[in-house]
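Ready for a few warm-up exercises? Have a look at the model below, then try each task before reading its solution.

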Amino acid sequence: MASNPGILSDWPWKHLGSFKYLILAPWAVHSIYSFLFKEESKRDLTNFFIFPFLLWRMLHNQIWISISRYRNAKGNNLLVDKSLQFEQVDREQSWDDQIILSGIISYLINTTVPGASHFPIWRTDGVILAILLHAGPVEFLYYWLHRALHHHYLYSRYHSHHHSSIITEPITSVVHPFSELIIYYMLFSITTMTLILTGTASLASIFGYFTYVDLMNNMGHCNFEFIPKWLFSLFPPLKFLMYTPSFHSLHHTQFQTNYCLFMPLYDYIYGTVDKFSGTLFEISLKKKEKVPHVVHLTHLTTLDSIYHLRLGLSSLASSPHTSKWYMWLMWPLTLLSTTLTWIYGRTFVVERNQFNMLTLQTWVIPKYSVQYFLRSHENSINDLIEQAILEAEKKGVKVLSLGLLNQGEELNGYGGVYVKRNPQLKIKVVDGNSLAAAIVLNSIPKGTTQVLLRGKITKVACAIAVDLCKQGIQVATLQQDEYMKLSKSLEMSSDNSLILSKSYSQKIWLVGDGLTEEEQLKVPKETLFIPYSQFPPKKFRKDCLYHSTPAMLIPTSLENVHSCENWLPRRVMSAGRVAGIVHALEGWNEHECGYTMSSMEKVWQASLQHGFQPLMFSNGPKY
């Protein structure tokens, strides 16, 4: 909100949350019904197209959001290279309010204003008139309104809400108090209502005008420069008719310059052009892509996980991954995105962070969790991972962490296969298993004398069992095959600490993949489940505590973190991701993958020294 919110700052449907879209439902349903069942002569194509056009506006905005975040992750041509925070993401989640408002206004005008229905598809005179009206009165009035909004009285009550975002994103352009956006729509209505009242309106001029407004709004706030310099050299007057992302970026950093809507003409006329506009434009065009020191390599999990990526829906990406009731409505788009990721078949960048002089990036393999369990996909997955490692090596990356890609010995020998195939690698490959095991060990309550280990036996499970047995803590298993695999990892002196149990009475369960609902239902109340797997178990007991998967709370100095890593809380990173960062900070000169394990204590202490902290649970059971 603004620093001192004025009247009508809040949106009327704020309390409705996600149900705010139902406001448009009666109009949308009536529009579709009328078009399908009325006589052909009475069908209004204008009314019918309002709802699809609103969907197009949302898609158009989302495309810009994804492109902007992708370019921010790569780092080239950036305008303001500072940290984006969760606070801004939360403040800008209501960007679609203005689309709902435009829908309400469109339906009301269509049904009440004479001449606002049954538009032809195209009228040349209407298109020309729209251009003239926007370049003249709309741009002129907006310029002076904008200057008025920067007066301290209006700024503190309204416009400061928009200017809270120094690092702009495309959606920043439409994040305003309710009353301020009403004024903007009144300005835009100069164009639309004139077309309607003069009988020159068409679908192309009305819908095209608002598409132009969205395009220029998004472009001006995208935070990267992409308009080529030759365009202004070819047609010099263009600088008066079209702003650039760098031009408007200066307004958000300097506040008292570059007031124009989309056309800098009036800034030039009234002397408010920032003197650094041309310099920033040229500098930003020359900025190269940033080479990361550390790359975290991961993959998609569920089919809808693509929406939870930083490039996806910001409202979902900024919260831990959970199922949403409305996601089933998006299944056509989900199917399309799934198909595109399979066809594209290349690793892509989704995030860039900064920590202690290190540049960090997250790359995503376009494969889903289910594909890792299909033998038909093993070769393609391994090829993609190996190609990503070699690409990182070529770029000069120091450390690559495998994260979720460390699926076990069946797929890639805990990542060791890539090092064996490429012994000349200078980049260090880290699977993070040592830190994962250390996190689990340090999550076990002090004074524990017995734990039950249940799930797929991995390198992490064996390391945990060996350490616990050395401490004299009894490790129980329920299944014979798990017992046999663990016993091979233990020294003879520790044999008595590993037992095959038929009881479910243990209060500490260390769990991996394979834990069943039936087993969870048999445990006593207040049992603590601590996952050693990278995937959390499904929760079937409300009277038990489920610890997070191996992860750590990150230092406040780790910048540009404004999305959640899968199911983890805000500002929490998985063990594999943390391990890669610590490996680079410490300058360790060996791989940590395959069947080798680094010293768990060494990795744990190094993580703590660099500011990473264990997750604390205040509502857990008492031991």
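Here are four exercises on this predicted model, each followed by a worked solution.

**Exercise 1. Describe the overall make-up of the protein chain: how many helices and strands are there, and what does the C-alpha trace span?**

Solution. Start with the secondary structure: the chain has 24 helices and 14 strands. Next, take the principal axes, along which the C-alpha trace spans about 95 × 55 × 50 Å. Then turn to burial, where 56% of the 623 residues count as buried. Finish with the contacts: among those with a separation of 6 or more, 71% are between residues 24 or more positions apart.

**Exercise 2. Work out what the secondary structure of the annotated span 134–272 is.**

Solution. First, place the span: an unreviewed UniProt entry annotates residues 134–272 as "domain: Fatty acid hydroxylase". Now look at its content, which is 65% helix and 0% strand. Last, compare the two ends, whose C-alpha atoms lie 20 Å apart.

**Exercise 3. Find how many disulfides the structure holds, and check the surroundings of Cys-260.**

Solution. The structure holds zero disulfides. For Cys-260, the nearest cysteine sulfur belongs to Cys-222 and is 14 Å away, while the cut-off for a disulfide is 2.5 Å. Is Cys-260 buried or exposed? Its relative accessible area is 1%, so Cys-260 is buried. Cys-564 is buried too, with a relative accessible area of 8%.

**Exercise 4. Build up the arrangement of the sheet β13-β12-β14 and helix α23, one step at a time.**

Solution.

1. Begin with the sheet, which is open, has three strands and pairs them in antiparallel fashion.
2. Which strands stand at the edges? They are β13 (572–574) and β14 (613–614); each has a single partner strand, so one side of each lacks a neighbour in the sheet.
3. Zoom in on one pairing: strand β12 (residues 551–553) is joined to β14 by two bridges. In β14, Gln-613 is the bridge partner of Leu-553.
4. Now add the helix: α23 lies across β12 and β13, and runs at about 90° to β13.
5. Check the length of α23 (residues 575–586): its twelve residues reach 16 Å from first to last C-alpha, close to the 16 Å expected at 1.5 Å a residue.
6. Is α23 mostly covered or uncovered? It is mostly covered, as ten of its twelve residues are buried. Among them are Arg-577, Val-578, Ile-581 and His-583.
7. Finally, step just past the end of α23, where Gly-587 takes a positive phi of about 70°.

Methods. Residues are numbered from 1 along each chain as its sequence is written. This is a predicted model: local features need pLDDT of at least 70, side-chain atom pairs count only at pLDDT 80 or more; totals for chains, interfaces and linings use all residues. Side-chain values use heavy atoms; hydrogens and water are left out. UniProt positions are given in the numbering used here, feature names are shortened, and annotations may be inferred rather than shown by experiment. Helices (H or I, at least four residues) and strands (E, at least two) are DSSP runs, numbered from the N terminus. Buried means under 20% relative accessible area, exposed over 50%, partly exposed in between (1.4 Å probe, protein chains only). The expected span of a helix is 1.5 Å times one less than its number of residues. Two strands pair if DSSP finds at least two bridges between them. Contact means heavy atoms within 4.5 Å. Axes are lines fitted to C-alpha atoms, for helices over the stretch in contact, and angles run from 0 to 180 degrees between N-to-C directions.
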